[in-house]
2 protein chains.
Amino acid sequence: MSSTHTGVTTTPAALDPCGRADHPDCGIRDVLDRIGDKWSVLVVVELAGGPRRFRELQRAIDGISQRMLTLTVRRLERDGLVLRTVYPTVPAQVDYRLTETGAGLTHLVKALADWSLAHRAVIAEARQAYDRAHPGHDIH
Amino acid sequence: MSSTHTGVTTTPAALDPCGRADHPDCGIRDVLDRIGDKWSVLVVVELAGGPRRFRELQRAIDGISQRMLTLTVRRLERDGLVLRTVYPTVPAQVDYRLTETGAGLTHLVKALADWSLAHRAVIAEARQAYDRAHPGHDIH
DNA sequence: CTGCATCCGGGACGATACTG
DNA sequence: CAGTATCGTCCCGGATGCAG
């Protein structure tokens, strides 16, 4: 419990994304821990186009392993963002689709993608400029 | 940016949030690789409240180590999202503030936070339900 | 105060093999 | 097709110490 929050830095109410200066986290960490991993967002993006089967997902998402797809899709299901349906056919057939909650995420992802595309060039430029100005200064 | 921001899922053939079915990534990975780490977003959130000094940031962001704050802020600077200003005082004084580009991120973060708060309860419930239905089935 | 260097552990992730 | 199990690697991130 972080009850001792010594001296809150004065924050203009208009700028604080969460509206509470004493709690800068404001739940962002929650979302990030949930979909901030390597694959979740890509799965959501793919499912935004409609239901997909396991193999379809794997083929659509370049580079993902079976293991990670399983884990990712399982976690999304657990969080109620994805609905998993098993058809008792032979061989087994499973499809995944976004739930209501998961579909809501699509808009955010869309916004993220838009922002990314809009600033990709500027950021790349900034990067090159930085690297030019800081030679041998490796950040990671 | 004339794109339908609602009812995306109903689209039969062309479907993904980026408007190109052959490229499901659409740059989302870019954003995530950049701010999807453990601390970047929190730094952005804090800086959304105005310029901060190094120590202020560290105090504001609960749990971050000096090392990670340095790395995070450095990467943000490199990407042109944060501006770093050094004042030649003694001892050294540095402040960080969002650039135009970085400030734009604030809105996205806000949306993320809103979504998180709005669905936190539902997700937690879904989780418990899942765990109840799948005892011993550890996802992680 | 503001940082960088170093060591180190744990978890995320990939590759592979096997099952139903 | 749709997973599960196991193993190994990599790197993120924490702790600590030192420097300008």
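**Two chains and a DNA strand: a briefing**

Let's start at the DNA: Ser65(B) has a polar side-chain atom 3.5 Å from a phosphate oxygen of DNA strand D. Please keep in mind that this is a predicted model. Two topics stand out for the bench: the protein surface around DNA strand D, with 18 residues, and the interface between chain B and chain A, with about 6000 Å² of buried area. A helix of chain A, α1 (residues 28–35), rounds off the tour, with six of its eight residues buried.

**Around DNA strand D**

- Of the 18 residues that surround DNA strand D, the closest are Arg55(A), Arg84(A) and Tyr96(A) from chain A, along with Lys38(B) and Arg67(B) from chain B.
- Among the atoms of DNA strand D that come within 4 Å of the protein, 77% belong to sugar and phosphate.
- Tyr96(A) places a polar side-chain atom 2.3 Å from a phosphate oxygen of this strand.
- For Arg84(A), a side-chain N or O atom is 2.4 Å from a phosphate oxygen of DNA strand D.
- Chain A gives at least two residues to this surface from each of α3 (54–60), α4 (66–78) and β3 (93–98), and α4 (66–78) of chain B does so too.
- Sorted by class, the surface near DNA strand D holds eight charged, seven nonpolar and three polar residues.

**Where chain B meets chain A**

- The contact involves 64 residues of chain B and 63 residues of chain A.
- Interface size is often expressed as the accessible area lost when the parts come together.
- Here the buried area is about 6000 Å², and carbon and sulfur atoms give 64% of this area.
- Six salt bridges are counted between chain B and chain A; one of them pairs Asp30(B) with Arg120(A), whose closest N and O atoms are 3.3 Å apart.
- Ten residue pairs are in polar contact across the interface, with both residues at pLDDT 80 or more.
- On the chain B side, α1 (28–35), α2 (40–47), α4 and α5 (100–133) each give two or more residues.
- Helix α5(B) provides the largest share of that side, at 21 residues.
- By class, the chain B side has 30 nonpolar, 18 charged and 16 polar residues.

**Helix α1 of chain A**

- Which residues of α1(A) are buried? They are Ile28(A), Arg29(A), Val31(A), Leu32(A), Arg34(A) and Ile35(A).
- The cover over these buried residues includes α2 (40–47) and α5 (100–133) of chain A, and also α1, α2 and α5 of chain B.

Notes: Residues are numbered from 1 along each chain as its sequence is written. Chains are lettered from A and ligands numbered from 1 in the order in which they are written. This is a predicted model: local features need pLDDT of at least 70, side-chain atom pairs count only at pLDDT 80 or more; totals for chains, interfaces and linings use all residues. Side-chain values use heavy atoms; hydrogens and water are left out. A residue is near a molecule or strand if one of its heavy atoms lies within 4 Å of it. A polar contact is a pair of N or O atoms within 3.5 Å; within protein, one must be able to donate a hydrogen and the other to accept it, and residues adjacent in sequence count only if both atoms are side-chain atoms. Helices (H or I, at least four residues) and strands (E, at least two) are DSSP runs, numbered from the N terminus. Ala, Val, Leu, Ile, Met, Phe, Trp, Tyr, Cys and Pro count as nonpolar, Asp, Glu, Lys and Arg as charged, and the others, Gly among them, as polar. Contact means heavy atoms within 4.5 Å. Buried area is the accessible area (1.4 Å probe) that two parts lose on being put together, summed over both. A salt bridge is a side-chain nitrogen of Lys or Arg within 4 Å of a carboxyl oxygen of Asp or Glu. Buried means under 20% relative accessible area, exposed over 50%, partly exposed in between (1.4 Å probe, protein chains only).
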